[in-house]
Amino acid sequence: MKREYLELQQVSTHNLKGFDLKIPLNALVLITGPSGSGKSSLAIDTIAQEGKNRLLKILNYDKEFYVTTSYQATFSSSMPPVFALAQGVRNWFPYKTVGEFLGLIKVLEVLFLHEGEVFCASCKAFNRIHSISQVLSWYETLKEKTKFYFLVPLLEVTPKAIEYLVSQGFVKYLIDDKEIDLSEELLPQSFNEVFLILDRMVKEGKSRDRLVENIRISFSLSNGRFFLKTTEGLQAQFSLRPVCFQCGSILPIGWFYCRTCGGRGYKQKVACETCNGLKLREEVLKSRIGDFSIEEILRLDLKTFKEFLSRFSKIKGLETFIKSLLYKLEQAEFLEIAYLNLSTPVFKLSVGEKKLIEVLQVLTADFTHCLFVLDEPTLGLEVEQRVKVLEFLKNLVKKGNSLLVVEHDPYFIFEADFIVELGFGGGEKGGYLVEADFNPLYFEKNLTLTSGYFSGKKRIVKKEKTRETEMLELSLPWGRFKILSNRINLIYGRPGSGKTRVFKQIFEFLVNQGKQVVFSDLSIFKRKEDWVIQYLNLWDSLREVLAQLPSARVKGLSKKHFSFTSKEGVCVGCKGKGKKIYKEEETVIEVLCEECLGKRLSLEVLNLEYKGFKIFEVLDFTIEEAFQVFSNLPKVKEKLMHLIDIGLGYLKLSQEVQTLSGGEKSRLSLIKNLTEKKQVEYVFLEFPFEGLHLEDINRLHQWIEKMVAKPMTFIILETNPLALFLADFLTEVKHQKIIFQGFFEDWLKAQPETLKEKFAFYQRFVAKF
C-alpha cells in the first residue's frame with residue numbers, strides 16, 4: 001500500500017527558513033529541537049492553522065471570517081481534518097467540573113429526563129415524568145386480549161369532590177382495592193385509597209385509539225396522572241405532566257441551578273453553602289436515577305460512575321452516546337485518573353491532571369483518518385503515565401489516524417515512527433530543517449543534536465557532590481520537612497498526589513520566616529501584547545538613558561515619549577498597536593503598520609541614535625546583541641548576562657511574550673524575579689524542565705549549579721524523569737502525604753523492577769562527574 005504524505009513547501013512561518021517537508025500520514029510523527037527552533041511554529045501555527053482555515057472557509061462560505069496571515073507555507077497535498085492541542089494547559093473556567101468538561105453531566109441531564117424520579121418537596125415522594133410514547137410502549141408489551149383498568153387518581157379526595165364527579169357521570173371507583181359503582185352503592189364512611197375507574201379495556205383492534213382518548217381525558221381529571229393495571233396484577237404508574245402523583249404539587253422538571261450561587265458552585269474557591277459545590281437546586285439533588293440520588297451520583301469517582309452508567313447502555317436512542325462515554329471512562333482508567341470525582345472543580349486539579357483530561361477529551365473522540373496535532377502532551381506527567389500516553393497515541397495511529405507531536409521526552413523520540421528535528425538553535429539561529437526521516441534511519445545517521453544524546457556523544461552533566469551538607473528542617477502543620485541547603489531539592493509525585501500543595505506551603509513558610517525567596521510564576525504573563533524588553537523591565541532602564549541623549553533633549557523629548565502606552569510616545573498611525581486591520585469584502589486582514597513597521601513608537605523616537613544604532617534597530621536586537629551594546633549599564637547587563645547563560649540569548653527584545661514557548665516563559669520569569677532582588681537564599685521553580693530539549697535542560701542545569709555555588713538553595717517541582725537524576729535531594733509525595741525524603745539512589749533501590757527499567761532508559765542521558 002502506497003504511503004500518503006502531508007506535503008509542505010517554502011515553510012517560512014515566524015523564524016522557519018523556507019524549507020520543504022513531507023510528513024507521513026497514518027504514523028506517529030515527532031517534532032523536536034532546541035527551544036525557539038520553530039517546533040510550535042511548524043506544528044501549531046502552520047499545520048494546525050491551515051487545517052482551521054480550511055474548515056472556516058467551508059463553515060463561513062457566506063460570512064465574514066478572520067484570515068490568519070501570520071503563517072507562510074504552501075500545501076501541495078490534501079489534508080485530513082485537524083484536531084490540535086496547544087502547549088501547556090488551557091485557561092479553563094476555574095469552577096468548571098471534571099464531569100462538565102468530559103460531557104458526563106450532560107448525559108446525566110438526558111438520563112434524568114428519561115429515567116429520573118423527581119423529588120417532591122411537599123410530600124417527599126419520588127415521581128417519574130413520562131411521555132405518551134412511553135405509555136404506548138408499555139401497552140404494546142401486553143399480550144392480545146389482555147384486560148386492564150385505566151385508573152385515575154383524584155385531584156381532591158373528599159366526599160364532596162367524589163359526589164361532583166359522580167354527577168358528571170364518573171360512577172365507577174376502585175376504593176381500597178375494591179371495585180364500587182357509586183350509582184348503586186354508597187361511598188364508604190372511611191377509606192385510604194381511591195381511584196376513578198375511567199375505563200375497563202382489552203388489548204385488541206382499535207383499543208390503542210381508545211387508550212389515547214382516555215389519556216386525553218386524564219389531563220382534565222388529574223393533570224395527566226393515571227394507573228394502568230391488568231386483571232392479573234401487572235401495573236404501571238404514569239405522570240404526563242410535572243405533577244406529584246401523590247399530592248398533586250408542581251414538580252421541578254429539568255436541571256435547575258442553585259439559586260444561591262447561580263450554578264457556579266463556588267465563590268472565591270469556597271463551596272456554596274446551599275448546594276455544597278454541586279451547582280443544582282436541593283430538589284434536583286434529592287431526585288434520583290435508579291438507586292442513586294443526583295447528589296450521590298455527582299460525588300462518584302469516574303470509575304464508579306462508569307459502572308453506574310453501564311446500567312443504562314441499552315436505552316433506546318442513547319446507545320451510541322452512552323457507548324462513547326463508557327469508552328472515554330475506560331480510557332480514564334487506563335490513564336489512571338479514574339479516581340477523580342465528577343464534581344471536582346478545575347482549580348483543585350494539578351497540572352498533570354488537567355493535561356491528562358485534555359488528552360483524554362481530544363483523543364477519545366471517535367474519529368478515524370484525522371490528523372491530531374499535540375504540543376507537549378507529557379506536561380506534568382511522571383514516567384509511568386508518560387508511557388501510557390504514548391501507548392494511547394499509538395492506538396490512535398492503529399485506528400487509521402495521524403499524529404503530529406511536539407515533544408522532547410527521549411522515550412517518545414525513541415518510539416516515534418518518523419522524527420522531524422529543527423535547529424540549529426533558537427530565534428534567528430533556529431528555523432532550519434536539520435533532519436526528517438523514519439526511525440531507525442534517523443538514529444543510524446546520528447547527524448543531529450538530539451541523536452547525539454542518544455548515541456552518547458553528548459550527555460547532560462551532573463556534578464557529583466558529597467552528601468554532607470547542612471540540613472534544614474521545617475515544622476509545618478502536617479509534619480516536618482527537610483531541605484538540603486545549597487543544593488537542588490526535588491519535590492516529585494504523580495498528578496493529584498498533593499506535591500503542588502507541599503511545594504507552595506514550603507514557599508509560604510519561608511516567606512513568613514523572612515527568607516529571601518524567588519518564585520518562578522507563569523501566571524504573571526498577563527499582558528499578551530508585552531514585548532520581552534517590557535516584561536523584563538529593561539525598557540524602563542533604557543529609556544532613562546535614552547531620554548538624556550543630546551538629540552532627544554534638543555527635540556524636547558521626555559520619558560513619556562519613550563512609552564509604548566502614552567499618547568506622547570506611541571505611533572500615530574497604529575496607536576501603539578504595531579499593526580493595522582483592514583476589511584476587504586468578506587475578509588479581515590492584519591498587516592504591520594507601515595509607519596513604525598511594528599515597532600509601536602513614534603518616528604521621532606525610533607530615529608534617535610544610541611552608539612551608532614537607531615532605536616528602531618535596537619528594538620530588533622537579540623539578547624546577545626543587546627549585551628554587547630549595553631554592557632556599560634549594570635542593571636541591564638546583569639539581566640542580559642543571566643538570560644544568555646540560561647540559554648535565551650537568541651530572543652529578540654521586541655519579541656511578544658505570547659509567542660514564547662512554556663519553557664522560554666518559565667526561564668524568562670525566573671530571571672526577571674531573580675534580578676529584581678538584591679539577595680536570594682531560596683529559588684522555587686515550578687516544572688522548569690517542561691518544554692525543554694535535552695540541550696536546553698543541560699544548559700539550564702549548568703546555570704542552576706552555578707547559582708547553587710553562590711550559594712543558593714533550589715526547591716524544584718518537577719515530574720520529568722531526568723529531574724530525579726539531576727537533583728541532590730528527593731521528596732516524594734503520594735496521597736497528600738510525604739512518603740520519602742532522601743537521596744535518589746536510595747529511593748530507586750526500593751522501587752519495583754518495572755519502574756527501575758523505565759528509569760534506566762533515562763539514566764543513559766546523564767553523566768556524573
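Biologist: How much space lies in the largest cavity?
Modeller: In this predicted model, about 70 Å³ of space lies in the largest cavity, and the structure holds 3 cavities of 30 Å³ or more.

Biologist: Which residues lie nearest the centre of that largest cavity?
Modeller: Its lining is made up of 15 residues, and E407, H408, D409, L692 and N720 are the ones that lie nearest the centre. Sorted by class, the lining of the largest cavity has 6 nonpolar, 4 polar and 5 charged residues.

Biologist: And what lines the second largest cavity?
Modeller: The second largest cavity, with about 50 Å³ of space, is lined by I488, L490, F689, H701, I704, I716, A723, L726 and A727. By class, 8 residues of this lining are nonpolar and 1 is polar, with no charged residues.

Biologist: Which elements each supply at least two residues of that lining?
Modeller: The strand β26 (488–492) does, and so do the helices α25 (694–708) and α26 (721–726).

Biologist: Let's stay with α25 for a moment; why is it described as largely enclosed?
Modeller: The reason is that 11 of the 15 residues of α25 are buried, so the rest of the structure largely encloses this helix. Among the buried residues of α25 are H701 and I704, both of which also line the second largest cavity. The buried set of α25 includes D696 and E705 as well, alongside W703 and M707.

Biologist: What span does α25 reach from its first C-alpha to its last?
Modeller: It reaches 21 Å, close to the 21 Å expected for its 15 residues at 1.5 Å a residue.

Biologist: Changing helix, which residues of α3 are buried?
Modeller: In α3, the buried residues are L104, I105, V107, L108, L111 and F112. They cover an arc of only 150 degrees around the axis, which puts them on the same side of α3. As a general point, an α-helix has 3.6 residues a turn, so residues three or four places apart point the same way.

Biologist: What covers those buried residues of α3?
Modeller: The cover includes the helices α2 (98–101), α8 (294–298), α9 (302–310) and α10 (319–334), together with the strands β7 (116–119) and β17 (288–289). As for the length of α3, its 12 residues (104–115) should span 16 Å at 1.5 Å a residue, and the end C-alpha atoms are 16 Å apart, which agrees.

Biologist: On to the backbone, then: where are there cis peptide bonds?
Modeller: Most residues other than glycine have a negative phi, and most peptide bonds are trans. Here the bond from G423 to F424 is cis, with omega near 5 degrees, and F424 lies in the loop between β21 (418–423) and β22 (432–438). The bond from K710 to P711 is also cis, with omega near 15 degrees, and P711 is placed in the loop between α25 and β33 (713–717).

Biologist: What about phi at N446, and is that residue buried or exposed?
Modeller: N446 is not a glycine, yet it has a positive phi of about 50 degrees. It is found in the loop between α14 (441–445) and α15 (449–455), and N446 counts as buried because its relative accessibility is 18%, under the 20% cut-off.

Biologist: And K575, buried or exposed?
Modeller: K575 is exposed, with a relative accessible area of 63%. Its phi is near 60 degrees, again a positive value in a residue other than glycine, and K575 sits in the loop between α19 (550–554) and β28 (579–584).

Methods. Residues are numbered from 1 along each chain as its sequence is written. This is a predicted model: local features need pLDDT of at least 70, side-chain atom pairs count only at pLDDT 80 or more; totals for chains, interfaces and linings use all residues. Side-chain values use heavy atoms; hydrogens and water are left out. Helices (H or I, at least four residues) and strands (E, at least two) are DSSP runs, numbered from the N terminus. The expected span of a helix is 1.5 Å times one less than its number of residues. Buried means under 20% relative accessible area, exposed over 50%, partly exposed in between (1.4 Å probe, protein chains only). The arc is that of the directions from the helix axis to the C-beta atoms. Contact means heavy atoms within 4.5 Å. On a 1 Å grid over the protein atoms alone, a cavity is a set of points where a 1.4 Å probe fits but cannot get out, and a pocket is an open set with protein on both sides within 12 Å along at least five of seven lines; lining residues have an atom within 4 Å of a point. Grid points are joined across faces, edges and corners, and a volume is the space filled by probe spheres set on the points. Ala, Val, Leu, Ile, Met, Phe, Trp, Tyr, Cys and Pro count as nonpolar, Asp, Glu, Lys and Arg as charged, and the others, Gly among them, as polar.
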